[in-house]
Amino acid sequence: MNRVWEADPSALFARRLGKTAQELHKSDDDEDCPDIWQLENGDIAVIGRDLTTAYTDHLPSGVRIGHDERLVVIPGIMLSVAKQDIPDA
């Protein structure tokens, strides 16, 4: 089955959106850090806690997680701070 969009695993990290977890006091070290990055192809990579299993039975109507997808959670402040780095559509 062909998808309308497919992630490109060859796209490299281009720039961080927002601030680091350490700057926002949401991490104590460099090893376990949520993060948001724009890839060189314009896609967005989100590093967060994998809560796919915890949320699977509680998804809103019409929301689905594909077999090769994961639901990740990051601190809300990280997205709020990244807002200035995200261009309008």
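## A tour of salt bridges, strands and loops

Glu6 has a relative accessible area of 48% and is therefore partly exposed. This residue belongs to a predicted model, and it is a suitable place to begin the tour.

**Stop 1: Glu6 and Arg3.** With Glu6 selected, add Arg3 to the view. The two residues form a salt bridge, and their closest N and O atoms lie 3.5 Å apart. Arg3 has a relative accessibility of 37%, so this residue also counts as partly exposed. A search of the whole structure returns four salt bridges, and the next two stops show further examples.

**Stop 2: Arg70 and Asp50.** Select Arg70 together with Asp50. Their side chains meet in a salt bridge, at 4.0 Å from N to O. The pair connects distant parts of the chain, 20 residues apart: Arg70 lies in the loop between helix H1 (52-55) and strand E5 (72-73), whereas Asp50 belongs to strand E4 (residues 49-50). Arg70 counts as exposed because its relative accessible area is 52%, over the 50% cut-off. Asp50, at 48%, is partly exposed. Now add Asp68 to the earlier selection of Arg3 and Glu6: salt bridges with shared partners join Arg3, Glu6 and Asp68 into one network.

**Stop 3: Asp35 and Arg16.** Move to Asp35 and display the side chain of Arg16. The two side chains meet in a salt bridge of 2.8 Å, N to O. This pair also links distant parts of the chain, with Asp35 in strand E2 and Arg16 in strand E1 (residues 13-16), 19 residues apart. The contact between the two side chains is likewise listed as polar, at 2.8 Å.

Is Asp35 buried or exposed? Asp35 has a relative accessibility of 8% and so counts as buried, since the cut-off for that class is under 20%. Arg16 is partly exposed, because its relative accessible area is 28%.

To see the surroundings of Asp35, show the residues in contact with it beyond four places in sequence: Arg16, Ala45, Val46, Ile47 and Met78.

**Stop 4: strands E2 and E3.** Asp35 lies in strand E2, which covers residues 35-39. Colour that strand, then add strand E3, residues 44-47, where Ile44 is placed. How do E2 and E3 pair? Their pairing is antiparallel and extends over four bridges. To locate one bridge partner in E3, select Ile36 and follow it to Val46.

The hairpin of E2 and E3 has four residues between the strands, and in this hairpin Gly42 adopts a positive phi near 95 degrees.

**Stop 5: a nonpolar patch.** Switch to a surface display and select Ile44, Val46 and Val72. Together these residues make a nonpolar surface patch of about 220 Å². Val46 is thus a point to revisit, as a member of the patch, as the bridge partner of Ile36 and as a contact of Asp35. Ile44 has a relative accessibility of 46% and therefore counts as partly exposed.

**Stop 6: His25.** Finish at His25, which is placed in the loop between E1 and E2. Which value does phi of His25 take? Phi is near 60 degrees, a positive value in a residue other than glycine. His25 counts as exposed, because its relative accessibility is 71%.

Notes
Residues numbered from 1 in each chain as written. Predicted model: local features only at pLDDT ≥ 70, side-chain atom pairs only at ≥ 80, totals over all residues. Heavy atoms only, no water. Helix = DSSP H or I, 4+ residues; strand = E, 2+ residues; numbered from the N terminus. Buried < 20%, exposed > 50% of the residue type's maximum accessible area, 1.4 Å probe, protein only. Polar contact = N/O pair within 3.5 Å; in protein donor to acceptor, adjacent residues only side chain to side chain. Contact = heavy atoms within 4.5 Å. Patch = residues over 30% accessible without salt bridge, like charges linked within 9 Å, V, L, I, M, F, W, Y side chains within 5 Å. Areas by Shrake-Rupley, 256 points an atom, 1.4 Å probe, with all protein chains shown as cover. Pairing = 2+ DSSP bridges.
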